[in-house]
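Work through the exercises below with the structure in view, trying each task before reading its solution.

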Amino acid sequence: MTLPSSAARFRAAVEAGDLDTALAQFAEDVVFNSPVVFRPYQGREALRVLLSAVFTVFENFRYTAEYAGPDGHVLAFRADVDGRELQGVDILTTGADPDALLSELTVLVRPYSAATALRERMAALLSG
């Protein structure tokens, strides 16, 4: 199964470092579930701030696999954060219409040491 157009465009935009095109794939009321923050973020502008910081923090970012199904789509990735290799997944939700804008993004990362480095770098960027 291939990724729906919104998920495929998101992947291509992230790989190209094109923040605006990546964000355009999400609904205005998108929900973002962070790997290091308890509460979800709401809205495309909140997602813009977070993805912009991620583009700065992640080094050598690359998608390594993709999985698609009727209830969602998963993009597996690897990146480096402060010299630690991080593995993660972007879980994309579109709902019943595969051509619809993405409604939710959940990011999960491992191992703990890399997640901790990610949290520290993101906190420094977002608080300053």
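**Exercise 1: from one bridge to the sheet**

Asparagine 33 has threonine 106, a residue of S6, as its bridge partner. The model in view is a predicted one.

Task: Find how many bridges join S1 to S6 and in which sense the two strands run, parallel or antiparallel, and then place them in the order of the open sheet.

Solution: Begin with the pair itself, where S1 and S6 are joined by four bridges and run parallel. Next, widen the view to the open sheet, which has six strands in the order S2-S1-S6-S5-S4-S3 and whose pairing is mixed. Finally, look at the edges, where strand S2 (41-42) and strand S3 (59-69) each have a single partner strand, so that one side of each is left without a neighbour in the sheet.

**Exercise 2: a second pairing of S6**

Task: Determine in which sense strand S5 and strand S6 pair, and over how many bridges.

Solution: Take strand S5, residues 84-93, and strand S6, residues 102-110, which pair over seven bridges in the antiparallel sense. Then go down to single residues: valine 89 has leucine 108 in S6 as its bridge partner, while aspartate 90 stands opposite valine 107 in S6.

**Exercise 3: helices on the sheet**

Task: Work out which strands helix H3 lies across, and which strands helix H4 touches.

Solution: Start with helix H3, residues 44-57, which lies across strand S1 (26-33), S2, S3, strand S4 (72-81) and S6, and which runs at about 55 degrees to S1. Continue with helix H4, residues 112-127, which packs on the sheet and touches S4, S5 and S6, its direction making about 75 degrees with that of S5.

**Exercise 4: residues at the surface**

Task: Decide how leucine 126 and serine 52 should be classed by their relative accessibility, given that partly exposed lies between under 20% for buried and over 50% for exposed.

Solution: Leucine 126 lies in helix H4, and because its relative accessibility is 38%, it counts as partly exposed. Together with Val49 and Leu125, Leu126 forms a nonpolar patch on the surface, with about 230 Å² of accessible area together. Serine 52, found in helix H3, is likewise partly exposed, since its relative accessible area is 34%. As a last step, compare chain and space: serine 52 and aspartate 18 are 34 residues apart along the chain, and their C-alpha atoms are separated by 9.9 Å.

Terms used. Residues are numbered from 1 along each chain as its sequence is written. This is a predicted model: local features need pLDDT of at least 70, side-chain atom pairs count only at pLDDT 80 or more; totals for chains, interfaces and linings use all residues. Side-chain values use heavy atoms; hydrogens and water are left out. Two strands pair if DSSP finds at least two bridges between them. Contact means heavy atoms within 4.5 Å. Axes are lines fitted to C-alpha atoms, for helices over the stretch in contact, and angles run from 0 to 180 degrees between N-to-C directions. Patches are made of residues with over 30% relative accessible area and no salt bridge: like charges are joined within 9 Å, nonpolar side chains (Val, Leu, Ile, Met, Phe, Trp, Tyr) within 5 Å. Accessible areas come from the Shrake-Rupley method with a 1.4 Å probe; for residues, only the protein chains shown count as cover. A salt bridge is a side-chain nitrogen of Lys or Arg within 4 Å of a carboxyl oxygen of Asp or Glu. Buried means under 20% relative accessible area, exposed over 50%, partly exposed in between (1.4 Å probe, protein chains only).
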